[in-house]
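Grab a pencil and keep the viewer open. Each exercise below comes with a solution you can follow step by step.

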Amino acid sequence: DIQIEGTGDDDVLFDGDRRKLNVIRADRADGVVLRNFTVQYSDFNNVYVIETNGFRLDRIVSRWSREYGFLSFSSDNGLYTDLVAHGSGDAGVYPGAGPQGLCQRYGIEIRRVDSYGNTLGYSGTSGDGIWVHDSRFHHNAAGLAMDSVFPNHPGMPQECSKFERNRIYSNNANLFSAQRDAYCKRPVLERDPKVVCPTTLVPVGTGLLIAGGNGNVVRGNQFYDN
């Protein structure tokens with residue numbers, strides 16, 4: 001097993017300086033545990049877990065990633081817990097190409113996540129077999145999205161995820177104004193990294209978008225002020 005763990009005193013910071021593609025990447029790192037630190041300023045993903053069977057992301061703050069805060073891809077038996085994700089140009093939380101449980105099991109659990117100030121609070125192309133509960137997605141351009149739109153993702157079409165007891169609210173941030181668009185055309189290193197520049201298009205003001213999906217369960221959530 002591999003573990004990266006901070007002290008809990010907010011003194012462990014991983015900084016990508018906007019030049020590092022992935023600040024932390026777990027590639028086929030079965031059993032990896034990442035816990036108790038802050039990560040920022042990636043050029044792509046702050047935390048990236050790929051082709052890993054068994055992972056835990058625990059008590060981490062992700063901020064100001066150019067694209068994704070927390071991303072897992074083609075992985076199974078994972079837990080996202082007690083995370084904060086904000087300032088991502090795409091999604092704060094992205095479990096893409098999820099486990100193929102055929103609606104018999106949920107291979108990745110996401111709980112007690114606070115995702116705000118991103119283009120999307122949550123997204124997942126072919127985000128299969130994900131159980132998202134007791135989390136908040138708010139003050140993004142759009143709250144949650146899952147889809148079967150983008151090509152070359154294993155497990156198409158998207159299916160069999162469950163969303164329970166979440167709060168999805170106030171997702172109305174217009175990051176697509178003419179002024180923001182003009183600013184975001186500057187080279188990356190000439191921009192303020194704390195200004196979110198969207199890297200994907202979303203329907204602003206949407207709580208939940210399913211752009212092609214089967215067998216999903218959405219129950220007991222609170223949707224308001226979108």
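Before starting, one cut-off: a residue is called buried under 20% relative accessible area, exposed over 50%, and partly exposed in between. Keep in mind, too, that this is a predicted model.

**Exercise 1. Find the residues other than glycine with positive phi, H139 and N152, and sort them by exposure.**

Step 1. Start with H139, whose phi is near 55 degrees, a positive value in a residue that isn't glycine.

Step 2. Locate H139: look in the loop between β15 (136-138) and β16.

Step 3. Classify H139. Its relative accessibility is 45%, so H139 counts as partly exposed.

Step 4. Now go to N152, which isn't a glycine either and has a positive phi of about 65 degrees. N152 sits in the loop between β16 and β17.

Step 5. Classify N152. With 76% relative accessibility, N152 counts as exposed.

Step 6. While you're in the loop between β16 and β17, stop at P157. The peptide bond leading from M156 into P157 is cis, and its omega is near -5 degrees.

**Exercise 2. Work out how many disulfides there are, and describe the link of C103 and C160.**

Step 1. Search the whole structure, and two disulfides turn up.

Step 2. Take the one that joins C103 to C160, with an S to S distance of 1.8 Å.

Step 3. Check the handedness: the angle about the S-S bond is -80 degrees, and the link of C103 and C160 is left-handed.

Step 4. Ask what this pair holds together. C103 is in the loop between β10 (91-96) and β11 (108-111), while C160 is in the loop between β16 (142-147) and β17 (162-164), so the bond ties together parts that lie 57 residues apart in sequence.

Step 5. Look at the cover on each end. C103 is partly exposed, at 38% relative accessible area, whereas C160 is buried, at 4%.

**Exercise 3. Do the same for C184 and C197, then write down the pairing pattern of the chain.**

Step 1. The disulfide from C184 to C197 has an S to S distance of 2.1 Å.

Step 2. The torsion about the S-S bond is about -85 degrees, so the disulfide of C184 and C197 is left-handed.

Step 3. Place the ends: C184 belongs to helix α1 (residues 178-184), and C197 to the loop between α1 and β19 (206-211), 13 residues apart.

Step 4. Check accessibility. C184 comes out at 17% and counts as buried; C197, at 7%, counts as buried as well.

Step 5. Number the bonded cysteines in sequence order and read off the pairing: 1-2, 3-4.

**Exercise 4. Where is there empty space inside the structure and at its open pockets?**

Step 1. Here's the idea behind the search: rolling a probe the size of a water molecule over the atoms shows where empty space is left.

Step 2. Count the closed spaces: there is one cavity of 30 Å³ or more.

Step 3. Size up the largest cavity, which has a volume of about 150 Å³. It is lined by 16 residues, and those closest to its centre are S65, R66, R191, P193 and V195.

Step 4. Move on to the largest pocket, which holds about 360 Å³ of space.

Step 5. Go through its walls. The largest pocket has 25 lining residues, and nearest its centre lie Y94, T125, D147, F150 and T200.

Step 6. Which strand gives the most to the lining of the largest pocket? That's β13, with four residues. β7 (68-73), β13 (120-125), β16 and β19 each supply at least two residues of this lining.

**Exercise 5. Compare the settings of V33 and F223: buried or partly exposed?**

Step 1. Find V33 in strand β4 (residues 32-40). At 16% relative accessibility, V33 counts as buried.

Step 2. Pick a second point to get a distance: V33 and G54 are 21 residues apart in sequence, with their C-alpha atoms 8.8 Å apart in space.

Step 3. Turn to F223, in strand β21 (residues 222-224). F223 has 39% relative accessibility and counts as partly exposed.

Step 4. See what F223 takes part in: together with I210 and V218, F223 makes a nonpolar surface patch of about 230 Å².

How values were computed. Residues are numbered from 1 along each chain as its sequence is written. This is a predicted model: local features need pLDDT of at least 70, side-chain atom pairs count only at pLDDT 80 or more; totals for chains, interfaces and linings use all residues. Side-chain values use heavy atoms; hydrogens and water are left out. Buried means under 20% relative accessible area, exposed over 50%, partly exposed in between (1.4 Å probe, protein chains only). Patches are made of residues with over 30% relative accessible area and no salt bridge: like charges are joined within 9 Å, nonpolar side chains (Val, Leu, Ile, Met, Phe, Trp, Tyr) within 5 Å. Accessible areas come from the Shrake-Rupley method with a 1.4 Å probe; for residues, only the protein chains shown count as cover. A salt bridge is a side-chain nitrogen of Lys or Arg within 4 Å of a carboxyl oxygen of Asp or Glu. A disulfide is a pair of cysteine sulfur atoms within 2.5 Å. On a 1 Å grid over the protein atoms alone, a cavity is a set of points where a 1.4 Å probe fits but cannot get out, and a pocket is an open set with protein on both sides within 12 Å along at least five of seven lines; lining residues have an atom within 4 Å of a point. Grid points are joined across faces, edges and corners, and a volume is the space filled by probe spheres set on the points.
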